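Here is a short set of exercises to work through with the model open beside you. Try each task on your own before you read the solution.

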Amino acid sequence: METPFIFGKIATEKNFTDREAETANLVQNFTSLINTIIISPRRWGKSSLVNKAAKLAMEKDCNLRICHIDLFNVRNEEHFYSLLAQKVIAATSTKWEEAVENAKSFFSHLVPKITIGSDPTNEIAIDFDWDDVKRNPDEVLDLAEKIAKEKGLKIVVCVDEFQNIAEFADPDYFQKKLRSHWQQHQHVAYCLYGSKRHMMLEVFTHSSKPFYKFGTLMFLDKIDTPYLVEFFHSRFKDTGKSINDDAAHLIAELVDNHPYYAQQLAQQSWLRTNDACTTDIVRDAHSALVEQLSLLFVTITETLTTQQLNYLKALIAGEKAISSIDVMHRYQISSTTAITRSKTALIKNDILDNKAGEVSFQDPIYAYWLKNEFFGK
Ligand SMILES: Nc1ncnc2c1ncn2[C@@H]1O[C@H](COP(=O)(O)OP(=O)(O)O)[C@@H](O)[C@H]1O
Ligand SMILES: [Mg+2]
């Protein structure tokens, strides 16, 4: 039998819960062509939310086309341009013959090199001569607007892991170029989202940066307990099993409402359940999950400095005034500068999340492991 929980893939249909207001807002932004920026740590549900809203928006408006670009593995401008052209063309063509035709007809200076994938999706890939693109980036940057105008369409271009463009060569210049084109588009909107809060905030909220005030900012939260509890109940029920209320609450609590881990722990609990899931089963599943991840956690911990670990220890113990002399002494933290430095580094490498000055662990299982296994022993 198929298991009722999924993690690491886009959550759709019955696997998707909560996010009612966010979905409605996003559908509204898509259909009205309002630029949107979505920020949350990884695995909190950005891709799933964008995917859901995109489907709904296209059902609502038959002239709307939405394409998705993932910059996860994109390290330079060249790659970005070819992906942009490819995805925009694919989203606005119904057949690959049309796509090839479009790829040729919408460029005047650039000569696209087109290859058609041999896999069943027959996805087309588009490449350019890099020197040509450097001379005429406008053709690629304005492609969506041009196609939308000509075909009477509205287009939303979604760009995942957008903060990666900050790692391109000369990022400010590149961002200036993007923004100066994109802000003129009348028939195209952009939905830019990413997982590195500090980098996304820098790109979109610093007044000196080109993307300052480019669109509406949306901060995605974790999933509230009542939604998770209801979700666990219904997914267990769908598969002929049940989970009691305490056990459902315990899952939410042990993963600190983290969407990905909520599904993963629910899955582990479901697998251990014959008929009715109890708190004992959940605790068992949780221990197994911690155990399964411990090797990874050891590796992460090995990269941390002693000062960073001391700071984490104080944080985990729930110390509120870490910079007080007493606390610094107890946890062998050398100075307030060391605190600032540790905090910045831990946020930068995604161990901690800084939400409006409130620091928390990104990975609830790692926090648990540190507290109970690493520091606990
Ligand atoms: N709305 C949701 N309802 C239930 N589970 C979700 C939801 N959004 C995300 N998840 C869980 O989190 C995982 C990661 O979601 P994803 O959309 O890929 O996050 P992100 O794009 O922020 O990294 C999914 O595979 C799923 O297990
Ligand atoms: Mg994602």
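**Exercise 1.** Find what covers the buried residues of helix H11 (residues 245-254), and work out where Ile251 stands among them.

*Solution.* Start with the terms: helices (H or I, at least four residues) and strands (E, at least two) are DSSP runs, numbered from the N terminus. A residue is buried if 20 or more other C-beta atoms lie within 10 Å of its own, exposed if 12 or fewer, and partly exposed in between, with C-beta atoms placed from the backbone. Contact means that two such C-beta atoms lie within 7 Å.

Step 1: list the buried residues of H11, which are Ala247, Ala248, Leu250, Ile251, Ala252 and Leu254.
Step 2: look at the cover, which includes helix H10 (225-238), strand E8 (242-243), H12, strand E9 (276-277) and helix H13 (279-302).
Step 3: zoom in on Ile251, which counts as buried because it has 28 C-beta neighbours inside 10 Å. Leaving out residues up to four places away in sequence, Ile251 touches Phe232, Ala262, Leu265, Ala266, Ser269 and Val282.
Step 4: move past the end of H11 to Asp256, whose phi is positive, near 50°.

Before you go on, a word on the model. It is predicted, so to speak of local features a pLDDT of at least 70 is needed, side-chain atom pairs count only at pLDDT 80 or more, and totals for chains, interfaces and linings use all residues. Residues are numbered from 1 along each chain as its sequence is written, while chains are lettered from A and ligands numbered from 1 in the order in which they are written.

**Exercise 2.** Work out the strand order of the open sheet of five strands, and say which strands stand at its edges.

*Solution.* Strands pair if DSSP finds at least two bridges between them.

Step 1: read the order, E2-E5-E6-E1-E7, with parallel pairing.
Step 2: find the edges. Strand E2 (64-70) and E7 each have a single partner strand, so one side of each has no neighbour in the sheet.
Step 3: add the twist, which averages 15° from one strand to the next.
Step 4: check one pair. Strand E1 (residues 36-39) and strand E6 (residues 188-194) run parallel and are joined by four bridges; Ile37 has Leu192 as its bridge partner in E6.
Step 5: visit the edge strand E7 (residues 216-219), where Phe219 has its place. Phe219 is partly exposed because 15 other C-beta atoms lie within 10 Å, and Phe219 touches Ile39 and Ser40, not counting residues up to four places away in sequence.

**Exercise 3.** Which residues come nearest to ligand 1, and which helices each supply at least two residues of its shell?

*Solution.* Near means a C-beta atom, placed from the backbone, within 6 Å of the molecule.

Step 1: of the 22 residues around ligand 1, the nearest are Gly45, Lys46, Ser47, Ser48 and Gln263.
Step 2: the helices are H2 (46-60) and H12 (259-271).
Step 3: sort the shell into eight nonpolar, eight polar and six charged residues. Here Ala, Val, Leu, Ile, Met, Phe, Trp, Tyr, Cys and Pro count as nonpolar, Asp, Glu, Lys and Arg as charged, and the others, Gly among them, as polar.

**Exercise 4.** Describe the hairpin of E10 and E11.

*Solution.* Step 1: strand E10 (residues 352-355) and strand E11 (residues 358-361) pair in the antiparallel sense over four bridges.
Step 2: Asp353 stands opposite Ser360 in E11.
Step 3: two residues lie between the strands, and Ala356 takes a positive phi near 50°.

Technical notes
Axes are lines fitted to C-alpha atoms, for helices over the stretch in contact, and angles run from 0 to 180 degrees between N-to-C directions.
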